[in-house]
Amino acid sequence: MEASDHDEDVEEKPRLKHKGKHDKPKPWDDPSIDHWKIEKFDPTWNDGGMLEVSSFSTLFPQYREKYLQEVWPIVKGALKGYGISCELNLVEGSMTVSTTRKTRDPYIIVKARDLIKLLSRSVPAPQAIKILNDEVQCDIIKIGSLVHNKERFVKRRQNLIGRDSTTLKAIEILTGCYVLVQGNTVAAMGSFKGLKQVRRIVEDCMHNKKHPIYHIKELMIKRELEKNPELANESWDRYLPKYKKKNVKRKKVKSKEKKPYTPFPPPQQPSKIDLQLESGEYFLSDKKKSAKKWQEKQEKQAEKTAENKRKREAAFVPPKEPTKQDSNKYEDDENDLATMTKSLKDKSQKFGKQSAIENVNPETFIASSEPPSKKSKRSKS
C-alpha cells in the first residue's frame, strides 16, 4: 500500500518545462571573435593523422593531355607539401588524388579534388594551385544544359565574354574572382561572396533574364555605396537602377489551315508513263518524239524573242500628247499664279505707303513764327 501511494504521488507531480535550460554561456559567444574569419590550419591540431585513406578522381579531355604532362611535376610538388599523393593516368585519361599518412588537414583532400577539377576544365596550373589556400574557393557552373538551342547558346555565351573579353574582365575586377569560360562550363575562383555574384550573373545571362552589362552597373554602384558608412544600415534599392524587360516584336508564324481528317490515304498521282499513255505519246516512235520536242522548243524560243522585242520597242514609244483637259488645267494654274503675284504686289505697295506716312515729320508742315529771310526771297524770285 505504501509503495502504491508513493507511485501516485510521483505521478501527480507535473513535469516542469524549463525553457532555455541549455542556453548556457559558451566560450565562443564573444563579440570580439570574428566567426567568418578562416583560420589557417595548424598541424598540431591533428597529430595522429588520418585513420582512413580518402581519394577522388576525375577524367580530363584528350586535348589537355599534353599540357598536364608538362605541368604535372609542379602539381605534384604543390600537393606533396600538404601530404597528398596524386597520379596521372594517361591510359584511362584520369587524375587521382588521395590522402597519405603524412596528411594532417582533413579538408585538404576536398581542396585537392577541386584542383584536379579545375585542371580538367582548362584552368592554368599556376592559377589552379591557388585553390589549396584556405581563403580561395571554386565553383564550376554547368551552362550546357541551360540553353537547348545551339545558336542561342553560342550567342549568350559570347555576351558573357564580350568583345575582346572586356565584359569578363569587368566581372573579374568587380567580384574579385578569376572566371574562365570553356566549352559547356564556367570555372570561377574566389571568395564565397564573389562566387555567388558570378553564378547569378552567368545564370541570368544564359536564361536571357538580364545582360551582364546591367549586373556590372549594379556592382559599380554598390561599390560606391559601400564607401559611405551612413548607408550601411539602409536599403539601397532606391539607388540601384531598375530595368524593365521589353517585349520585342517577333514575326507571327503563319498557321496552316487544318484540312478535315480523312482515314483514307490521298489518291495516287499518275506517273510520267501514265500521262504519256493518256496523250498517246507513249506509242510514238523515237523520231516523232524528238520532232515534237524540237517543235515545242522552237515555240518557246519564239515566245521569248517576241517578249524581248516588245521590251526593247517599249523604250521608243513616244509619250502621250497633252489633251484639252490637261491644257485647261495648265491655264488655270497660270491664272492662279498671276492673281497671286498681283495680290502680293498690291500688298507690298500698300505697306510701302503706310511706312512712308509713318516716317513723315510733322514739324515741316507747321508754319514758323520767324520772318522769312532775304535769301529765301531771292531763291523764290
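**Close-up views of a predicted model**

**View 1. A residue pair between strands 5 and 6.** In this view, Val-179 sits across from Ala-188 of strand 6. The model shown here and in the views that follow is predicted. Strand 5 and strand 6 (residues 185-190) run antiparallel and are joined by five bridges. As a reminder, the strands of a sheet pair through backbone hydrogen bonds, in either a parallel or an antiparallel way.

**View 2. The sheet ordered 4-6-5.** Stepping back a little, we meet an open sheet of three strands, with the order 4-6-5 and antiparallel pairing. Its edges are strand 4 (137-142) and strand 5 (178-182), each of which pairs on one side only. On average, and with direction ignored, neighbouring strands of this sheet are turned by 15° against each other.

**View 3. The sheet ordered 1-3-2.** Here is another open sheet, in which three strands follow the order 1-3-2 with antiparallel pairing. Strand 1 (55-59) and strand 2 (84-89) are the edge strands, and each pairs on one side only. From one strand to the next, the twist averages 15°.

**View 4. Strands 1 and 3, with two helices packed on their sheet.** Five bridges link strand 1 with strand 3 (residues 94-99), and the two pair in the antiparallel sense. Look for Thr-58, which stands opposite Met-95 in strand 3. Helix 2 (residues 65-80) packs on this sheet, where it touches strand 2 and strand 3. The direction of helix 2 makes about 165° with that of strand 2. Helix 3 (residues 108-120) packs on the sheet too, with contacts to strand 1, strand 2 and strand 3. For helix 3, the direction makes about 170° with that of strand 3.

**View 5. Ser-122, a buried loop residue with positive phi.** Follow the chain into the loop between helix 3 and helix 4 (125-128), and you will find Ser-122. Its phi is near 70°, a positive value in a residue other than glycine. For context, most residues other than glycine have a negative phi. Ser-122 counts as buried because its relative accessibility is 14%, below the cut-off of 20%.

**View 6. Asn-208, a partly exposed loop residue with positive phi.** Asn-208 belongs to the loop between helix 7 (192-206) and helix 8 (212-226). Phi is positive here as well, near 65°, and Asn-208 is not a glycine. With a relative accessibility of 43%, Asn-208 counts as partly exposed.

**View 7. A nonpolar patch on the surface.** Four side chains come together in this view: Ile-273, Leu-277, Tyr-282 and Phe-283 make a nonpolar surface patch of about 430 Å². Tyr-282 is placed in the loop between helix 9 (272-279) and helix 10 (286-314). Its relative accessible area is 41%, so Tyr-282 is partly exposed and passes the 30% that membership of a patch requires.

**View 8. The whole protein, for orientation.** To place the close-ups, here is the protein with its 12 helices and six strands. Of its 381 residues, 23% count as buried. The accessible surface comes to about 32,700 Å², and carbon and sulfur atoms account for 54% of that. Among contacts between residues at least 6 apart in sequence, 57% join residues at least 24 apart.

Definitions and conventions:
Residues are numbered from 1 along each chain as its sequence is written. This is a predicted model: local features need pLDDT of at least 70, side-chain atom pairs count only at pLDDT 80 or more; totals for chains, interfaces and linings use all residues. Side-chain values use heavy atoms; hydrogens and water are left out. Patches are made of residues with over 30% relative accessible area and no salt bridge: like charges are joined within 9 Å, nonpolar side chains (Val, Leu, Ile, Met, Phe, Trp, Tyr) within 5 Å. Accessible areas come from the Shrake-Rupley method with a 1.4 Å probe; for residues, only the protein chains shown count as cover. Helices (H or I, at least four residues) and strands (E, at least two) are DSSP runs, numbered from the N terminus. Buried means under 20% relative accessible area, exposed over 50%, partly exposed in between (1.4 Å probe, protein chains only). Two strands pair if DSSP finds at least two bridges between them. Axes are lines fitted to C-alpha atoms, for helices over the stretch in contact, and angles run from 0 to 180 degrees between N-to-C directions. Contact means heavy atoms within 4.5 Å.
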